[in-house]
Amino acid sequence: LDAMAASASRETFAKGATVIREGDAGVDAFVVIAGRLEVSIGPTVKLPVAVLGAGDLFGDVAIVASTERRSASVVALTAATLLRIDGRSFARAMEANPHVRSQLEAAAERMAIARFIKSATLLGDLGPAALARLAERVRVRAVRAGEIVIRKGEPGDEAYLVRAGEFDVFDGEGAAERRLARLRSGMLFGEAALLTGAPRNASVRAVGEGALLVLRRDDVLGAMTADPGVSEHL
């Protein structure tokens, strides 16, 4: 803490000022001393994923992931005072404290999930607070090639968002099997049974290895309650 404090500097930003821009180089981290800032993603149309206030840390993802590229933009919603922390001091502190690094990696993964949900699905209409709550509850599921994710006729209390890989929606078995659709990254499936309580109306199988974000019924319904617009879309 002493080493980071020695390298830190206090900076002020006017309302509307861009503190960091998605895609730009940069490894310094920031702590909000005062003011409110919005985190958004997207090269042209900005999708807000979080609102930051006093005490919040940001800019650390580039350090944790060693990318040296910003994964989101941060703009001041009000006049803001920030503490800029030198990226090299921050990295050395993580090396000396592995438990801190693991906590920051977990936080970076939650933010990555929130960004993916925001950019990929109808749940993108969620406000930052509701989106953060949902991202905290999402479970990541790895799948093998040929694995059946859901089977027609079974009850369902989870929906799935394709994070990686491809999945076939199909009906029937054996020679009578019919492929109905192919799902790719960003597509949501399984929400019909989740919302209506009816049995699954089709089966879904992984084409190859992939990854899913698992959304539980209670969490999706909670998101719908938090934002009527999301409820209407679904």
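Visitor: Before we start, what makes two strands count as a pair here?

Guide: Two strands pair if DSSP finds at least two bridges between them. Please keep in mind that the model in front of you is a predicted one.

Visitor: Okay, so how many bridges join β4 to β7?

Guide: Strand β4, residues 37-41, is joined to strand β7, residues 73-76, by four bridges, and these two strands run antiparallel. Within that pairing, V39 has V74 of β7 as its bridge partner.

Visitor: Which sheet do they belong to, and what is the strand order?

Guide: They are part of an open sheet of four strands, in which the order is β2-β7-β4-β5 and the pairing is antiparallel. The edges are taken by β2 (18-20) and β5 (47-52), and each of these has a single partner strand, so one side of each is left without a neighbour in the sheet. Direction ignored, neighbouring strands of this sheet are turned by 30° against each other on average.

Visitor: And which helix packs on that sheet?

Guide: That is helix α4, residues 98-120, which touches β4 and β5, and the direction of α4 makes about 145° with that of β5.

Visitor: Back to V74 for a second: what does it touch?

Guide: Leaving aside residues up to four places away in sequence, V74 touches A17, T18, V19, I20, L37, E38, V39, L52 and F58. V74 also belongs to the largest nonpolar core, which has 36 residues, and it is listed there with V19, L37, F58, L82 and I117 as the residues with the most contacts inside that core. Another core lies apart from this one and has 14 residues, including V143, V169, V204 and V214.

Visitor: F58 came up twice. Which residue stands opposite F58?

Guide: F30 stands opposite F58, which is in β6. Strand β6, residues 57-58, runs antiparallel to β3 and is joined to β3 by two bridges. Strand β3, residues 29-34, also pairs with strand β8, residues 80-85, in the antiparallel sense over five bridges, and there A34 has T81 of β8 as its bridge partner.

Visitor: New topic: how many aromatic pairs are there in the whole structure?

Guide: A search of the whole structure finds three aromatic pairs. One of them is formed by Y160 and F189, which are stacked at 5.3 Å centre to centre with 20° between the planes. Y160 lies in strand β11 (residues 158-164) and F189 in strand β14 (residues 188-189), so this pair ties together parts that are 29 residues apart in sequence.

Visitor: Are those two rings buried or exposed?

Guide: Y160 counts as buried at 4% relative accessibility, and F189 is buried as well, with a relative accessible area of 5%. F189 also forms a tilted pair with F167, at 6.2 Å centre to centre and with 35° between the planes. Because F167 lies in strand β12 (residues 167-171) and F189 in strand β14, that pair ties together parts that are 22 residues apart in sequence. Ring pairs link Y160, F167 and F189 into a cluster.

Visitor: What lies over the face of F170?

Guide: That is R205, which lies over the ring face of F170 at 4.2 Å from the ring centre.

Visitor: Last one: where is D219, and what does it touch?

Guide: D219 has its place in helix α7, residues 217-226. Not counting residues up to four places away in sequence, D219 touches L134 and R137. With a relative accessible area of 15%, D219 is buried, because the cut-off for buried is under 20%.

How values were computed: Residues numbered from 1 in each chain as written. Predicted model: local features only at pLDDT ≥ 70, side-chain atom pairs only at ≥ 80, totals over all residues. Heavy atoms only, no water. Phe/Tyr/Trp six-rings, centres within 6.5 Å; stacked < 30°, edge-to-face > 60°. Buried < 20%, exposed > 50% of the residue type's maximum accessible area, 1.4 Å probe, protein only. Lys NZ or Arg CZ within 6 Å of the ring centre and 35° of its normal. Axes fitted to C-alpha atoms, helices over the stretch in contact; angles between N-to-C directions. Contact = heavy atoms within 4.5 Å. Core = buried A, V, L, I, M, F, W, Y, C linked by side-chain atoms within 4.5 Å.
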